[in-house]
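Me: I'd like to learn how to read a sheet and a cavity in a model like this one. Can we go through them step by step?

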Amino acid sequence: MGSKKVIVVFGATGAQGGSVARALLKCEDFAVRALTRDVTKPAAVALRDLGAEVMKCDLNDQEAMKRVFKGAYGAFVVTTYWDDFNMEKEVQQGKMVADASKQVGLKHVVYSGLENVKKLTKGKLEVPHFDGKGQVEEYFWELGVPMTSVRIAPYFENFLTIWKPVKASDGDYYNLVLPMKDIPMDGISVADLGPAVVSIFQSPGEFLGKAVGLSAEALTIQQYADVLSQTLGKVFKDSKITAEAYEKLGFPGAKELADMMRFYYLRPDRDVKLTHKLNPEVKSFSQFVLENKEAFQKL
């Protein structure tokens with residue numbers, strides 16, 4: 001890998017890791033060591049074809065972790081909660097990565113973190129997929145690992161999956177069922193994370209020891225609906241569901257997502273201006289919908 005700085009990318013075949021790996025591979029300063037659980041899957045093979053070194057890694061094995069860090073300059077670290085809704089496991093894995101980073105002496109870790117909501121709200125709200133990442137952030141910094149946390153806003157991609165519009169039972173229109181009142185909610189395409197992370201790796205002096213909130217723009221749910229209406233030629237509306245009604249919908253994680261929205265009412269720091277500086281080509285929701293028009297029309 002010559003004189004390029006080697007960045008170890010966790011979850012390299014996932015949404016965040018894949019975005020970061022591909023952006024790093026386009027940059028002459030860095031080489032990519034892509035970690036994945038399955039080196040034979042098409043996404044792993046594609047990264048190898050683009051020039052990445054692809055390695056299998058078990059997040060539960062600290063000695064293996066130290067081996068993959070050998071000779072590396074830095075790492076992009078993403079931990080996961082949603083595989084089995086297990087915050088303790090996510091925190092344990094994050095701390096193991098932090099310990100290995102410290103022992104090996106990585107110069108710059110970018111961690112995909114979030115706020116510890118339970119701590120910030122003194123127990124009023126619990127959002128385990130935030131809280132665990134908040135604990136891991138704190139641990140990295142307590143250890144003295146040179147780390148930047150990137151706190152990414154909800155993905156625009158969610159409107160194609162968990163937040164996809166619901167056809168109204170009483171008419172020819174579609175509802176967005178998100179309990180945000182009329183408070184703007186930040187959003188970004190996960191594909192735009194990569195170039196922002198590359199910019200952070202290129203400016204360690206500016207970002208080490210800091211948390212950076214990433215957002216392309218903040219819109220009310222009705223504004224998101226208006227963009228969908230204008231682009232897709234159908235009528236979309238904000239359902240105006242309350243957080244109380246949302247948490248009773250009964251799907252796995254409903255209460256957690258309701259509490260996440262309540263946390264978003266407090267407008268946590270997501271810096272639209274800085275995000276556009278880190279990635280000047282970051283897409284607006286309107287551009288995202290236009291680029292994914294076919295996928296939206298299939299919903």
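Me: In which sense do strand 1 and strand 4 pair, and over how many bridges?

Reply: Bear in mind that this is a predicted model. Strands count as paired once at least two bridges link them. Here, strand 1 (residues 5-9) and strand 4 (residues 74-77) have three bridges, in the parallel sense.

Me: Which residue in strand 4 is the bridge partner of Val8?

Reply: Ala75.

Me: What is the order of strands in the sheet?

Reply: Read across the sheet, not along the chain. The order is 3-2-1-4-5-6-10. That makes seven strands in an open sheet, with parallel pairing.

Me: Which are the edge strands?

Reply: Look for strands that pair on one side only. Those are strand 3 (53-56) and strand 10 (211-214).

Me: By how many degrees are neighbouring strands turned against each other?

Reply: The average is 20°, with direction ignored.

Me: Which strands does helix 3 touch?

Reply: Helix 3 (residues 62-69) packs on the sheet and touches strand 1, strand 2 (30-36), strand 3 and strand 4. Check the direction too: the helix makes about 160° with strand 2.

Me: Now the cavities. How many reach 30 Å³ or more?

Reply: One. The largest cavity has a volume of about 40 Å³.

Me: What lines the largest cavity?

Reply: List the residues, then sort them by class. The lining consists of Pro184, Met185, Asp186, Tyr264, Arg267, Pro268 and Arg270. Four of the lining residues are nonpolar and three are charged, with no polar ones.

Notes: Residues numbered from 1 in each chain as written. Predicted model: local features only at pLDDT ≥ 70, side-chain atom pairs only at ≥ 80, totals over all residues. Heavy atoms only, no water. Helix = DSSP H or I, 4+ residues; strand = E, 2+ residues; numbered from the N terminus. Axes fitted to C-alpha atoms, helices over the stretch in contact; angles between N-to-C directions. Contact = heavy atoms within 4.5 Å. 1 Å grid on protein atoms, 1.4 Å probe; cavity = no way out; pocket = protein on both sides within 12 Å on 5 of 7 lines; lining within 4 Å. Points joined across faces, edges and corners; volume = space filled by probe spheres on them. Nonpolar A, V, L, I, M, F, W, Y, C, P; charged D, E, K, R; others polar.
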